Amino acid sequence: MVNELEFEKPLVQLKEKINELKAFTADSDVDLSSEIERLEERLAKLEEDIYSSIKPWDRVQIARHPERPSTLDYIEVLFDQFMEMHGDRLYGDDRAIVGGIAYYKGKPVTVIGHQRGKDTKENILRNFGMPHPEGYRKALRLMKQAEKFGRPIICFIDTKGAYPGKAAEERGQSEAIARNLFEMAGLTVPVVCIVIGEGGSGGALALGIGNHVHMLENSTYSVISPEGAASILWKDSSLAKQAAESMKITAPDLKEMGIIDEIIPEVKGGAHKDVKSQAEYIDAVLYQSLKELTQMDEETLVMHRYEKFQEIGKFNEYSNV
């Protein structure tokens, strides 16, 4: 099988064995149906065991899967009449961020998201999903347009982080991200953010200041990658698996800490296994979010967003003194 992950290898081996027996049975008079049935039962149990006890590093690998659906995949299924808009009206168009106007269940919305490629050629075109400052300025332009016309904003987050190159810094990468954080905090329309893959550093947060922030079950959201954290903490990026265990970057961890609102379940094995079914899971949560948020007036929306982020990071300090 193509692009199976390390922790899925036992499943792959068992599936191959089952397929071999089926092929042998088809080409001979030997009846192996009982053996095949036994192995299929074993496969079902093994799948349940593996996918019900996924470790943080396994989730990192699923979030990075080359076939994992990205923004345009979900736009195609969830929205109607999507019209993509380009450019920041200052420098150019960044293909690492896509955005435009669409209809969601008959109502106009603005949809914005990071976009990765499916192969080498597209990844180069999309800069591997790492935006330049013009990408964030394009996103902000679309957000302010949405605010002007009263359209809810839906953001899909999926990036390793903003592009760290010299040219991006020269064109104001840090300022562009900071400007998005500032402006998103004060938007007077509903903002729903969904982490669909990797949510890396300020490059993810620049599309993440929403009234509701949701995450797919096997997505990650962190200030730094496990490899980066391992390099800083232990001077050894090969300890990324250990870093992932301690960083609390998975959806269950972030839900427990109150950083995200809802965990969106994934199809067994990850979103790349069935895009349409995964979109249905997203649709259910997105619909409820917009139903709740569209009932709020402008002032309430801004205050709701402010209070949400004010609560993040609060803790009670106990003393034995």
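**Chat about a pocket and a strand**

Modeller: Hi! This is a predicted model, and a good place to begin is the largest pocket: α9 (201-205) and β7 (220-222) each supply at least two residues of its lining.

Colleague: Nice. Which of the elements gives the most to that lining?

Modeller: That's α9, with 3 residues.

Colleague: And how much space lies in the largest pocket?

Modeller: About 270 Å³.

Colleague: How many residues line the pocket, and which lie nearest its centre?

Modeller: The lining has 16 residues, and L205, Y221, S222, V223 and I259 are the ones nearest the centre.

Colleague: What's the lining like by class?

Modeller: It has 11 nonpolar residues, along with 4 polar and 1 charged.

Colleague: Okay, changing topic to strand β4. Is it mostly covered or mostly uncovered?

Modeller: Mostly covered. β4 runs over residues 153-159, and 7 of its 7 residues are buried.

Colleague: Which residues sit on each side of β4?

Modeller: I153, C155, I157 and T159 are on one side, with I154, F156 and D158 on the other. Both faces are covered, and these residues are all buried.

Colleague: So what does β4 pair with?

Modeller: Strand β3 (residues 107-114) pairs with β4 in the parallel sense over 4 bridges. β4 also pairs with strand β5 (residues 191-200), again in the parallel sense, over 6 bridges.

Colleague: Let's zoom in on I153. What stands opposite it in β3?

Modeller: T110 stands opposite I153.

Colleague: And which residue is the bridge partner of I153 in β5?

Modeller: That one is V191.

Conventions: Residues are numbered from 1 along each chain as its sequence is written. This is a predicted model: local features need pLDDT of at least 70, side-chain atom pairs count only at pLDDT 80 or more; totals for chains, interfaces and linings use all residues. Side-chain values use heavy atoms; hydrogens and water are left out. On a 1 Å grid over the protein atoms alone, a cavity is a set of points where a 1.4 Å probe fits but cannot get out, and a pocket is an open set with protein on both sides within 12 Å along at least five of seven lines; lining residues have an atom within 4 Å of a point. Grid points are joined across faces, edges and corners, and a volume is the space filled by probe spheres set on the points. Ala, Val, Leu, Ile, Met, Phe, Trp, Tyr, Cys and Pro count as nonpolar, Asp, Glu, Lys and Arg as charged, and the others, Gly among them, as polar. Buried means under 20% relative accessible area, exposed over 50%, partly exposed in between (1.4 Å probe, protein chains only). Two strands pair if DSSP finds at least two bridges between them.
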